[in-house]
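Me: I have a structure to look at and some terms I do not fully understand. Please go through them with me and give the reason for each label.

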Amino acid sequence: MAEKTRQVILSGRSVIDMTLGEPDFPTPKHICDAAVTAIANQETKYTPINGTIALREAISRKFKRDNGLEFGLGEISVACGGKQVLYQAFLATLRPGDEVVMPTPYWASYADMVTLHAGVLKPITTRVEDGFLLQPEALEAALTERTKWVVLNSPSNPSGAAYTGAQLKALTDVIENSPHRNFWILADDIYEHILFDGMTFATVAQVAPKLRERTLTANGVSKAYSMTGWRVGFAGGPKPLIDAMTKLQMQVNSHTSSISQAAAAAALDGPHDFVRDRCAHFQARRDLLLTRFAENPSLVCPRPQGAFYLFPSVAALLGRQTPEGETLVDDVAFSNYLLTQGVAVVPGSGFGMSGHVRLSYATSEVKLEQAADRIKVAVELLL
Ligand code: PLP
């Protein structure tokens, strides 16, 4: 969709791009300055595969400070974005036929990574009425002797759903009590700092210390610190898993840039006021869009608790006709139609849930108002 959007923009049409999965804010100056200093200090050579000592120390401090988790330097992996961390975790562990359980809607890359490694995706469809939160009984029913991973992502891309500590504990209780124990748990916490309405962040290994030896707690600097292009992701987890991931990384790309690692350490150790300010902006943007969508009963959208996405149902609009006479057969057709009306969104089917679209609100309030106007008109034009 992002590529299609680029083409339409190149053709000279005005499009408000709501496909983006990155904050629109700049990387803060103190982080950029740390990178400049690293260059001046000739920190320009190979680093350890699993990251510089300075960065892993900063990550260890971060886990302790934010999550109450203790990870030694040998229990930390650093890679070229959270994406590489997750890719290597699956590569290191999945055998053909292994099942990977995850709530739907899910981040599209999980599904592709699992498939690439001959794993079997076991999606659990969540419900709009439950705010897209996985329910304990549904998790229990999905676990089998073939389960190799359970993937939990809170706040979620694409739904923005986030679990309270109690809700997460209900899920980890299921895992702890399951007769099936031969699997890992992935806690993808990359949106940890973009959490709304005063909600407190919780992660698996924190609420269920007994699961610590089976949990990979993944995170990164891309979203909280607006550092998507710097490519630094990290994870804390059991040493055997981290070692296996590091061994694979050695033959892939060795490590991420030494300069980016210095910048990431500065981000993790540095001031966090701007992170909270930006989160408040995201919350205000969420509220702006939800208020505007409330005028439009055909877009059904639970209130996301974090990240910077809305995932409304467009089911009520499917089957209707565009002014050009095309029937909107599915979320892809709806997204294509919306693009002709000047708003780019991503079809929900890519996230394992058709009949929905994902809108990113990592863009200015002015553009969001314009997008809401255009969506309103686009819906009104349908026959
Ligand atoms: N996990 C989720 C849920 C994401 O949405 C993303 C990025 O969009 C990532 C992980 C990986 O981000 P990065 O590779 O930039 O660290």
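Reply: What follows is a set of questions and answers about this predicted model.

Me: Why is Thr147 called buried?

Reply: Buried means under 20% relative accessible area. Thr147 has a relative accessible area of 2%, so Thr147 is buried. Its place is in strand S5, which covers residues 147-153.

Me: How do you know that the side chain of Thr147 makes a polar contact with the backbone nitrogen of Thr144?

Reply: The side chain of Thr147 reaches that nitrogen of Thr144 at 2.8 Å. The cut-off for a polar contact is 3.5 Å, and 2.8 Å is within it, so the pair counts.

Me: Which residues are closest to the ligand?

Reply: Gly82, Asp188, Ser222, Lys223 and Arg231 are the closest, and 13 residues surround the ligand. The shell divides into four nonpolar, five polar and four charged residues.

Me: What makes Gly82 count as polar and Asp188 as charged?

Reply: The grouping goes by residue type: Gly is placed among the polar residues, and Asp, Lys and Arg are among the charged ones. Gly82 is therefore polar, while Asp188, Lys223 and Arg231 are charged.

Me: What makes the pairs between the ligand and Asn157, Ser222 and Arg231 polar contacts?

Reply: A polar contact is a pair of N or O atoms within 3.5 Å. A polar side-chain atom of Asn157 lies 2.8 Å from an oxygen atom of the ligand. For Ser222 the distance to a ligand oxygen atom is 2.7 Å, and for Arg231 it is 2.8 Å. Each of these distances is within 3.5 Å, so each pair is a polar contact. The protein covers 93% of the 400 Å² of accessible area that the ligand has on its own.

Me: Where does the ligand sit, and what makes that description apply?

Reply: The ligand sits in the largest pocket. A molecule sits in a pocket if more than half of its atoms lie within 2 Å of the pocket's grid points, so the ligand meets that condition here.

Me: Which peptide bonds are cis in the loop between S5 and helix H7?

Reply: One joins Ser154 and Pro155, with omega about -10°. Another runs from Asn157 to Pro158, with omega near 25°. Pro155 is in the loop between S5 and helix H7 (165-177), and Pro158 is found in that loop too. They are worth pointing out because most peptide bonds are trans.

Me: Why are the phi values of Gln42 and Asp197 pointed out?

Reply: Most residues other than glycine have a negative phi. Gln42 is not a glycine, yet has a positive phi of about 60°. Phi of Asp197 is near 55°, also a positive value in a residue other than glycine. Gln42 is in the loop between helix H2 (29-40) and helix H3 (53-67). Asp197 lies in the loop between strand S6 (184-188) and helix H8 (204-207).

Me: Why is Asp197 called partly exposed?

Reply: Partly exposed is the range between under 20% and over 50%. Asp197 has a relative accessible area of 39%, so the label is partly exposed.

Me: Are Ala244 and Pro240, in helix H9, buried, partly exposed or exposed, and why?

Reply: Ala244 is found in helix H9 (residues 239-250), and Pro240 lies in helix H9 as well. At 28% relative accessibility, Ala244 is not under 20% and not over 50%, so Ala244 counts as partly exposed. Pro240 has 59%, which is over 50%, so Pro240 counts as exposed. Ala244 and Ala92 are 152 residues apart in sequence and 6.0 Å apart in space, C-alpha to C-alpha. Pro240 and Cys301 are 61 residues apart in sequence and 42 Å apart in space, again C-alpha to C-alpha.

Me: What makes Phe274 and Ser260 buried?

Reply: Phe274 has 15% relative accessibility and Ser260 has 7%; both values are under 20%, so both residues are buried. Phe274 is in helix H11 (residues 273-294), and Ser260 is in helix H10 (residues 258-269). The C-alpha atoms of Ser260 and Ala38, 222 residues apart along the chain, are separated by 9.0 Å. Those of Phe274 and Gly74, 200 residues apart along the chain, are separated by 31 Å.

Terms used. Residues numbered from 1 in each chain as written. Predicted model: local features only at pLDDT ≥ 70, side-chain atom pairs only at ≥ 80, totals over all residues. Heavy atoms only, no water. Near = heavy atom within 4 Å. Polar contact = N/O pair within 3.5 Å; in protein donor to acceptor, adjacent residues only side chain to side chain. Areas by Shrake-Rupley, 256 points an atom, 1.4 Å probe, with all protein chains shown as cover. 1 Å grid on protein atoms, 1.4 Å probe; cavity = no way out; pocket = protein on both sides within 12 Å on 5 of 7 lines; lining within 4 Å. Helix = DSSP H or I, 4+ residues; strand = E, 2+ residues; numbered from the N terminus. Buried < 20%, exposed > 50% of the residue type's maximum accessible area, 1.4 Å probe, protein only.
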